[in-house]
Amino acid sequence: MLDVEPFESAIYQGILLAGADEAGRGPLAGDVVAAAVILDPDNPIVGLNDSKKLSEKKREALFSEICNKALSFSIARASVAEIDDINILHASMLAMKRAIEALPVQAEHALIDGNRIPPELSCPAEAVIKGDARHAAIAAASILAKVTRDREIVALDNQYPNYGFAKHKGYPTAVHLAAIKEYGVCELHRRSFGPVKRILEG
């Protein structure tokens, strides 16, 4: 059950409606990951909601269900280098654009979580504030993006064991900041982000 007043597009009423969202704008490390999902109205998924409001176990279960039941889905990203080059906002937009345009079944319309629309999309789009809690397709996209990013950053913990990525997922916790100060910045870190930049300059 979505948490707030559901969103319905006044512009598009067809079924090739993609929801798009990203995960990983706040962390100090790792790619920003985006997903786009076109749900199948004849194959509903119960329990979709903003990924941040679901338990990890529930997100994992819904991830599989979305992949099995959606008419179309895609997962894309913008790299750490791209984040540092164009900033996290533009990188997030780029990742969502890539996800929408990589859908195996192309969307006729897209709903983007937040208050901005990625430039030069291949289909018309609307921005939906708090969309991951207001529209099932955006909620589904938020789940795919978050689960994918969490899995990737946890896997990278084995490659970079000094930083504790499996616990904090790259977010700027005290433990993470202390590890950067002790062990330095690794290739996963976003050097344009204030806390990392200050350590580099210190």
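**Exercise 1.** In this predicted model, find where Asn87 lies, and decide whether Asn87 is buried, partly exposed or exposed.

*Solution.* Begin with the chain: Asn87 lies in the loop between helix 2 (80-86) and helix 3 (88-101). Next, take the relative accessible area of Asn87, which is 35%. Since buried means under 20% and exposed means over 50%, with partly exposed in between, Asn87 is partly exposed. Finally, turn to the backbone, where Asn87 has a positive phi of about 85° although it is not a glycine. Most residues other than glycine have a negative phi.

**Exercise 2.** Carry out the steps for Lys169: in which loop is its place, and is Lys169 buried or exposed?

*Solution.* The place of Lys169 is in the loop between helix 5 (165-168) and helix 6 (174-183). The relative accessibility of Lys169 is 17%, and because the cut-off for buried is under 20%, Lys169 counts as buried. As a last step, look at the backbone angle: Lys169, which is not a glycine, has a positive phi of about 60°.

**Exercise 3.** Describe the surroundings of Ser72, starting from the strand in which Ser72 lies and ending with the polar side-chain atom that lies 3.0 Å from a backbone nitrogen.

*Solution.* Ser72 lies in strand 3, which covers residues 72-78. With a relative accessibility of 3%, Ser72 counts as buried, because buried means under 20%. If its neighbours within four places in sequence are left aside, Ser72 is in contact with Ala36, Val37, Ile38, Leu103, Pro104 and Val105. For Val105, one can go further, since a polar atom of the side chain of Ser72 lies 3.0 Å from the backbone nitrogen of Val105.

**Exercise 4.** Describe the largest pocket by its volume and by the residues of its lining, and then do so for the second largest pocket.

*Solution.* The largest pocket has a volume of about 470 Å³. It is lined by 20 residues, of which Gly14, Leu17, Leu39, Pro41 and His135 are the closest to its centre. Sorted by class, the lining of the largest pocket holds 12 nonpolar, 5 polar and 3 charged residues.

The second largest pocket has a volume of about 230 Å³. Of the 15 residues that line the second largest pocket, Glu22, Ala23, Gly24, Lys52 and Tyr171 are the closest to its centre. Strand 1 (17-23) and helix 4 (136-156) are the elements that give two or more residues to this lining, and helix 4 gives the most, with 4 residues. By class, the lining of the second largest pocket has 2 nonpolar, 4 polar and 9 charged residues.

Technical notes:
Residues numbered from 1 in each chain as written. Predicted model: local features only at pLDDT ≥ 70, side-chain atom pairs only at ≥ 80, totals over all residues. Heavy atoms only, no water. Buried < 20%, exposed > 50% of the residue type's maximum accessible area, 1.4 Å probe, protein only. Polar contact = N/O pair within 3.5 Å; in protein donor to acceptor, adjacent residues only side chain to side chain. Contact = heavy atoms within 4.5 Å. 1 Å grid on protein atoms, 1.4 Å probe; cavity = no way out; pocket = protein on both sides within 12 Å on 5 of 7 lines; lining within 4 Å. Points joined across faces, edges and corners; volume = space filled by probe spheres on them. Nonpolar A, V, L, I, M, F, W, Y, C, P; charged D, E, K, R; others polar.
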